[in-house]
Amino acid sequence: LPDTFWSITYDTASVTSLHAIAAAREQLDMGIRQHGMVGRDDLPKLRIYASQEAHSSIEKAVLTLGLGMDSLRKIGVDDSFRMDPDALQEAIEQDKADGWLPFCAVATIGTTSTTSIDPVQDIAAICRRQSIWLHVDAAYAGPAAMLPEKRPLFEGWQQADSIVVNPHKWLFTNFDCSIFYMRSPSILASA
Ligand SMILES: *Cc1c(COP(=O)(O)O)cnc(C)c1O
């Protein structure tokens, strides 16, 4: 990863993704930290995207942050269980037309069920165009980035806003050890 990433050791990927999504929401600068979300008619409905194969920790984060399951839109996958970026693009366009505010997408490098790898580069391009936060869940397969011959599988993750990698999986460290990489620690702090 480029030097522009800052990192911190966390306990679990579940808590890391929770905080990444909190930071993505904080970056909207809608006063949610101070005023919360309840009873506010000045807030649009927020939308976050992940594939059908994403880890359940994303659902848990959405629940914990008070966004509700309606805010999580699951994107379909191809025959190899990878997120379909065209479907993501369409979903974002449709949501915007329907008054949602898309604010975050989660791409997975190494899904828990099948180790499928979302096309992060395509997803990153969509996120940049739409100005939405990209969180990469590489909890499972992230350590493979240390192998030069596996690097191509990670193409695009250097454009993420936040990434999680779990040493407590393929690096065989004791429970719990997750690494949270991100670009803007100040947003994390304010979240
Ligand atoms: C295991 C896993 C998680 C959750 O990791 P914890 O550290 O147990 O919270 C998240 N995402 C993926 C892809 C995983 O495989």
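Which residues of helix α5 (residues 120-130) are buried? Here are some friendly notes on that and other points, bearing in mind that this is a predicted model.

1. **Helix α5, the inward side.** To take the opening question first: V120, I123, A124, I126, C127 and Q130 are the buried residues of α5. They lie on the same side of α5, because the arc they cover around the axis is only 160°. If you look for what covers these buried residues, you will find α4 (85-97), β4 (100-108) and β5 (133-138) included.

2. **Helix α5, the other side and the end.** Turn to the other side of α5 and you meet R128 and R129, both exposed. Just after the helix comes S131, whose phi is positive, at about 55°.

3. **The overall fold.** Stepping back, the protein has six helices and seven strands. Following the sequence, these elements come in the order β-α-α-β-α-β-α-β-α-β-β-β-α.

4. **Dimensions.** How does the radius of gyration of the protein compare with that of a compact globule? For 191 residues such a globule would have a value near 16 Å, and the protein has 16 Å, so the two agree. The C-alpha trace spans about 50 × 35 × 30 Å along its principal axes.

5. **Burial and contacts.** Buried residues make up 48% of the 191 in the protein. Taking the contacts with a sequence separation of 6 or more, 68% join residues that are 24 or more positions apart.

6. **Surface and charge.** The protein has an accessible surface of about 9300 Å², and carbon and sulfur atoms account for 50% of that surface. On the charge side, there are 16 positive and 24 negative charges, and the mean positions of these two sets are 2 Å apart.

7. **M37 and its surroundings.** M37 sits in the loop that runs between α2 (32-35) and β2 (45-51). Is this residue buried, partly exposed or exposed? M37 is partly exposed, because its relative accessible area is 23%, and a residue has to be under 20% to count as buried. Beyond its neighbours within four places in sequence, M37 contacts R25, I32, L43, L46, L65, G66 and L67. One of these partners, L65, is 28 residues away from M37 along the chain, while their C-alpha atoms are separated by 9.6 Å.

8. **D29, a residue with positive phi.** In the loop between α1 (13-26) and α2 you will come across D29. Its phi is positive, about 60°, although D29 is not a glycine. D29 counts as exposed because its relative accessibility is 68%, where the cut-off is over 50%.

9. **The loop between β6 and β7.** Two backbone details are worth a look in this part of the model. F172 is located in the loop between β6 and β7 and has a positive phi of about 55°, although it is not a glycine. With a relative accessibility of 72%, F172 counts as exposed. The other detail is a cis peptide bond from F175 to D176, with omega near -10°. D176 also belongs to the loop between β6 (162-165) and β7 (178-182).

Notes: Residues numbered from 1 in each chain as written. Predicted model: local features only at pLDDT ≥ 70, side-chain atom pairs only at ≥ 80, totals over all residues. Heavy atoms only, no water. Helix = DSSP H or I, 4+ residues; strand = E, 2+ residues; numbered from the N terminus. Rg over C-alpha atoms; globule rule 2.2 N^0.38 Å. Buried < 20%, exposed > 50% of the residue type's maximum accessible area, 1.4 Å probe, protein only. Contact = heavy atoms within 4.5 Å. Areas by Shrake-Rupley, 256 points an atom, 1.4 Å probe, with all protein chains shown as cover. Lys, Arg positive; Asp, Glu negative; His and termini not counted. Charge placed at Lys NZ, Arg CZ, Asp CG, Glu CD. Arc of directions from axis to C-beta.
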